[in-house]
Amino acid sequence: MKKRYYFDHNATTPVRPEVLDAMLPYLTEKYGNASSVHSFGRDARHAMEKSREIVATLINADPEEIYFTGCGTESDNIALTGTMTSARDGKNRLITSKVEHSAIMNTAAKLKHDGFQITYIGVDEYCRTDINQLKNVIDNNTALVSIMHGNNETGVLQNIEEAAKIAHSAGAVFHTDAVQSAGKIPIDVKKMGIDMLSMSGHKLNAPKGIGVLYIKKGLKITPLTYGGSHERGIRPGTENVAGIVALAKAVDLAMQDMENEAVTISALRDRLESEIEHVVSNVLFNGRGVPRLPGTSNISFPGVDGEALLFSMDIEGVAASTGSACTTGEVEPSHVLVAMGREPKTAQSSLRFSMGWGTTDAGVDHILNRLPVVLNRLRSISGGI
Amino acid sequence: MYTEKVMDHFENPRNVGELENPDGIGKQGNPVCGDVMELGIKVKNNIIEDVKFRTFGCCAAIATSSMVTEMVMGKTIEEAEEISRQAVAEALDGLPPAKMHCSNLAADALHDAIRDYKEKHAKVFG
């Protein structure tokens with residue numbers, strides 16, 4: 001089979017061997033239920049609580065503020081719905097941004113359907129949330145402000161410290177979806193004023209099926225599901241101990257080398273972008289020039305459709321992603337790029353390359369080698385139409 | 001998600017380009033997904049003797065465009081008029097449900113081109 005290069009780390013990442021080694025015993029030998037009192041159960045509980053401490057360290061939280069969930073989407077759902085439905089004093093407004101992940105977008109849509117007021121804050125041409133608009137629209141009726149940390153499509157980092165301050169000034173709770181940023185760049189929930197934070201294991205080299213919700217001590221949340229007292233009733237259900245141990249190992253590895261890894265991955269991304277400009281004509285970079293996640297590059301190639309480009313690059317051995325959700329059955333162009341002011345047709349002509357652990361210069365070279373050929377082919381089919 | 005035939009027509013599209021002095025031109029676009037297609041025909045003695053297309057769009061849009069040109073080449077105007085949206089999709093062994101609108105684009109552009117040809121033809125001979 002010909003060599004394949006993976007440039008879709010914002011979608012999911014490979015499980016690191018050290019992570020797999022750490023989790024395997026919790027599937028085969030130490031398989032106890034963390035709620036059982038015998039030695040099998042105690043082993044599982046011990047591993048789980050140790051893991052909770054490690055995850056807490058990553059974001060400077062206290063272990064008892066860490067709740068394990070099934071995925072980032074579930075964390076977002078609990079944070080938003082759980083806060084809105086338990087909001088005191090009849091507060092019924094949620095403020096979020098126009099560039100959130102669908103886990104936030106569709107939860108907000110459901111809350112709107114249930115009678116809550118939802119306000120969406122716009123972004124500038126670089127995908128940065130309009131902080132002034134947030135200042136203007138926030139009021140005492142606002143229960144929650146949810147602004148993502150690193151955007152999944154462009155990688156652009158949001159000014160969540162400022163957003164948190166504004167939320168707090170109106171007595172609102174502040175949540176951030178940090179699924180893309182956690183483990184890649186430093187996060188300090190205390191310093192940044194974050195009340196709730198969502199993260200996911202499989203974006204940082206742990207397996208799929210494990211997520212985290214950080215909830216600041218003292219915050220009142222209504223659970224979405226009911227059962228035993230697992231995760232203090234916020235997320236009932238027998239804990240995924242192997243997944244939790246894997247996540248903690250991945251977090252441990254990320255913390256050991258975060259700064260170096262960020263420098264290495266940023267350098268690969270920056271080289272890809274600066275050289276693409278030389279080998280290809282007529283390209284537009286989305287979110288370039290402002291603080292971004294280290295490994296995310298979002299580029300528009302006018303004259304070709306993103307999906308056609310995605311499939312062509314896949315044939316050439318490069319796995320990337322479209323900003324457009326067209327491949328998943330929707331036909332609208334990316335809501336993120338459109339919110340940034342890109343024409344729908346330009347937004348539809350975009351490709352995202354996302355890098356992480358395991359990305360090499362050889363992969364970047366391969367893209368630089370094949371992309372011009374693929375673009376020429378597709379541009380000749382569209383013929384400037 | 002795509003059939004082998006779709007991928008074949010996407011990777012090796014037939015009859016790409018622009019005709020010099022076409023006898024009929026059809027252009028269709030989908031305002032939602034932004035796909036655009038233009039198809040030109042050359043007609044002699046009521047037979048489509050050449051056809052070319054240009055398409056901005058996804059794999060399905062390019063494949064259906066290519067397929068429709070292959071289906072009409074050498075056909076009479078009446079035969080070409082019979083080619084339906086469904087027939088284009090079937091010739092490709094099917095399309096994913098979300099991509100069915102792409103086959104509409106190709107068939108509609110063909111019918112526009114035939115209409116355009118008939119109008120011009122009527123002016124010359126009518």
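In the predicted model, strand β8 of chain A, spanning residues 211–215, is mostly covered, with 5 of its 5 residues buried. The residues of β8(A) project in two directions: Gly211(A), Leu213(A) and Ile215(A) point one way, whereas Val212(A) and Tyr214(A) point the other way, and all are buried. Strand β2 of chain A (residues 66–69) runs antiparallel to β8(A) and is joined to it by 4 bridges; within this pairing, Tyr67(A) has Leu213(A) as its bridge partner. Strand β7 of chain A (residues 196–200) also pairs with β8(A) in the antiparallel sense, here over 5 bridges, and Met199(A) is matched with Val212(A) as its bridge partner.

The largest nonpolar core comprises 68 residues, of which Ile276(A), Phe301(A), Leu309(A) and Phe353(A) touch the most other members. When neighbours within four places in sequence are left aside, the contacts of Phe353(A) include Phe7(A), Leu272(A), Ile276(A), Val318(A), Ala320(A) and Ile367(A). Phe353(A) is also in contact with Gly295(A), Thr296(A), Ser297(A) and Ile299(A). A second, separate core contains 52 residues, among them Leu134(A), Val145(A), Ala163(A) and Ala167(A).

Helix α14 of chain A covers residues 361–382 and thus has 22 residues. The distance from the first C-alpha of α14(A) to its last is 31 Å, close to the 32 Å expected at 1.5 Å a residue. A bend of about 30 degrees occurs in α14(A) at Arg370(A), and a proline, Pro372(A), follows within four residues. Just after α14(A), Gly383(A) adopts a positive phi of about 50 degrees.

Key
Residues are numbered from 1 along each chain as its sequence is written. Chains are lettered from A and ligands numbered from 1 in the order in which they are written. This is a predicted model: local features need pLDDT of at least 70, side-chain atom pairs count only at pLDDT 80 or more; totals for chains, interfaces and linings use all residues. Side-chain values use heavy atoms; hydrogens and water are left out. The expected span of a helix is 1.5 Å times one less than its number of residues. The bend at a residue is the angle between axes fitted to the seven residues ending there and the seven starting there. Buried means under 20% relative accessible area, exposed over 50%, partly exposed in between (1.4 Å probe, protein chains only). Two strands pair if DSSP finds at least two bridges between them. A nonpolar core is a set of buried Ala, Val, Leu, Ile, Met, Phe, Trp, Tyr and Cys residues joined through side-chain atoms within 4.5 Å. Contact means heavy atoms within 4.5 Å.
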